[in-house]
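This report concerns the pockets of a protein model. Please examine the sequence and the structure below before reading on.

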Amino acid sequence: MPLGERGGWESSESMYCGVETDFSDDVPSLLSFHISTGGFDYVLAPLMNPSYRPSLVEGNGSETEVLPVSGSDLVLAPSQWSSHVVGKVSSWIDLDSEDEVLRMDSEATLKQDIAWATHLSLQACLLPTPKGTSCANYARCVNQILQGLGNLQLWLRVPLVKSDGDSMDATTEVLNDSWELWNSFRLLCEHDSKLSVALDVMSNLPSESSLGRWMGESVRAAIISTDSFLTNARGYPCLSKRHQKLIAGFFDHAVQVVVSGKLVHNLQRASDSNAEGTQRHPLRSYLDYVAYLFQKMEPLPEQERIELGYRDFLQAPLQPLMDNLEAQTYETFERDSIKYIQYQRAVAKALVDRVPDEKASELTTVLMVVGAGRGPLVRASLQAAEETDRKLKVYAVEKNPNAVVTLHNLVKMEGWEGMVTIISCDMRFWTAPEKADILVSELLGSFGDNELSPECLDGAQRFLKPDGISIPSSYTSFIQPVTASKLYNDVKAHKDLAHFETPYVVKLHSVARLAPSQPVFTFAHPNFSTKANNQRYKKLRFNLPSDAGSALVHGFAGYFDSVLYKDVHLGIEPTTETPNMFSWFPIFFPLRKPVEVHPNSPFEVHFWRCCGSTKVWYEWSVSSPAPSPMHNTNGRSYWVGL
């Protein structure tokens, strides 16, 4: 039974809770007790008898040795094995042991366990935590298995620990930061997308910065021991505020929760049996509390619900100069009322500054909307004129002939014939009959200048008066390093260089933002300088929080912030973003090879905006802690066409 319905969620988005069990050769009874009686959704159960050692049964002349697995595959229907059982590889295995017999036994048992799990069509199998800080042979064997694996996912069990010391103490084999262990294992397994992590949540949690790293990793399960629960005033289990926040974060990232351990809260007197008189599951109160945490989460806002399908989904940025937008794309942008409210505020302020109250009835302001689309900026500008009681003459310049058809119909329908003149032309090549007081455009991309706003406005500003106003008046791009395991694997799946040198528009969700964003390129309009140049170069240095621990950078999240006019701004940079606006998702610049960064070592990045006669492109690289290859040299993989 799912954890219940969360407000604003579809039933298909419900979360599930499992329970860790001991080995049993009676799987139907195991499921009956934990699922039918206990209410859990699945069991995390060993597949092989823990006393089994290959070396003790081999070589005795018998060719008919039957593996001591947890019962025949026939005791459950295939759908039950698949939906109600997550396999556990034998926890005693130690593939990096110096004892050769133990090491060979471990290799054989690991492969037998996974082969049996595959035979049962299980969805996932839990790998035990590496015994020491060295895991090379363990990872080698797992990587061999991964190469031939079908749909089975492997979860590596890792304790959620991060002390204040160095990452790993080689002399004492003490693990101070479990992320290091996971990272070593993941790198040795070549970032395989079928390898994920299951975190053992302890009673003591690392710092917020340290926990944040895991939100960008492929965490599939959080195993919570009953020892980690506190006791509330009524004697029932509960979690600390920090644990509650962590679990809520896991729920938001589709991480399954597994309850592990024995009953440590003395609840038997109150609940030995339920209303039907049957024995109550000893861990039911822990399940009820986990369900309570899920059900009390805030409902998703409507816009977030609409965007659920776009979470961590890579999209190529628009090429609005080379391509004409489709009606559906226009409609999506036009629904963003917040954006046009901001534009209307900016135009209203510009009109009031341009025309004093005493001249409002005699002066007509000439306003040009360049890139008018299907007319939302024309409407916002006319509403600003009505609001401020100013006279307005509008030129709507649009290169897409299909959108121009809509514009003509809109003007007729709204009765704007005397105020709006429609120009079907590329703004860069139009010869205006008069100079404009105000130039309005919405040419910004997710990275500010990545849809060629600078080039377009440089071409259009020749018909702006010397003291004319551009809306927007300036915009700045920002980047920040991120851990984004899913995005990296999605890019890697294409198996070519070009996809690693392409920036993607993406609704970032399963990412860890490792340091505050920093400004990259700024453009201001109008720019009447005779030496105007839209090429840019910026070197940035990021530092991880000292208590975060090391992290793997898979790429950079990019944003923009723009000043429309004076104090009216518009943007998606996380610390200053315009609330409830959805026209832009962030942009993601991948790294061909992820870079491990440490809190005590600066992370240096270089970004270029390059301009040619027919295209504009970005190049990027890392210089510290270790140099990376240059990405997208000469725009060989990605460019924006002029």
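In this predicted model, four elements each supply at least two residues of the lining of the largest pocket: helix H10 (302-306), helix H11 (327-334), helix H12 (337-354) and strand S14 (391-398). The largest share, 7 residues, comes from H11.

The space in the largest pocket amounts to about 1200 Å³. Its lining consists of 49 residues, and those closest to the centre are Leu318, Leu325, Thr329, Phe333 and Ser583. Where does the largest pocket lie with respect to the domains? Domain 2 (327-442) and domain 3 (474-641) both contribute residues to the lining, so the pocket lies between them.

The second largest pocket has a volume of about 900 Å³. A total of 39 residues line this pocket, and Glu304, Lys507, Leu508, Arg513 and Glu577 are the ones nearest its centre. Two or more lining residues come from each of helix H7 (208-212), H10, strand S20 (512-513) and strand S23 (551-565). Among these elements, H10 gives the most, with 3 residues. Because domain 1 (13-55 + 69-163 + 173-264 + 279-298) and domain 3 (474-641) both provide residues to the lining, the second largest pocket lies between these two domains.

The table sets out the lining of each pocket by residue class.

| Pocket | Nonpolar | Polar | Charged |
|---|---|---|---|
| Largest pocket | 23 residues | 13 residues | 13 residues |
| Second largest pocket | 21 residues | 9 residues | 9 residues |

Key: Residues numbered from 1 in each chain as written. Predicted model: local features only at pLDDT ≥ 70, side-chain atom pairs only at ≥ 80, totals over all residues. Heavy atoms only, no water. 1 Å grid on protein atoms, 1.4 Å probe; cavity = no way out; pocket = protein on both sides within 12 Å on 5 of 7 lines; lining within 4 Å. Points joined across faces, edges and corners; volume = space filled by probe spheres on them. Nonpolar A, V, L, I, M, F, W, Y, C, P; charged D, E, K, R; others polar. Domains from an automatic or database assignment.
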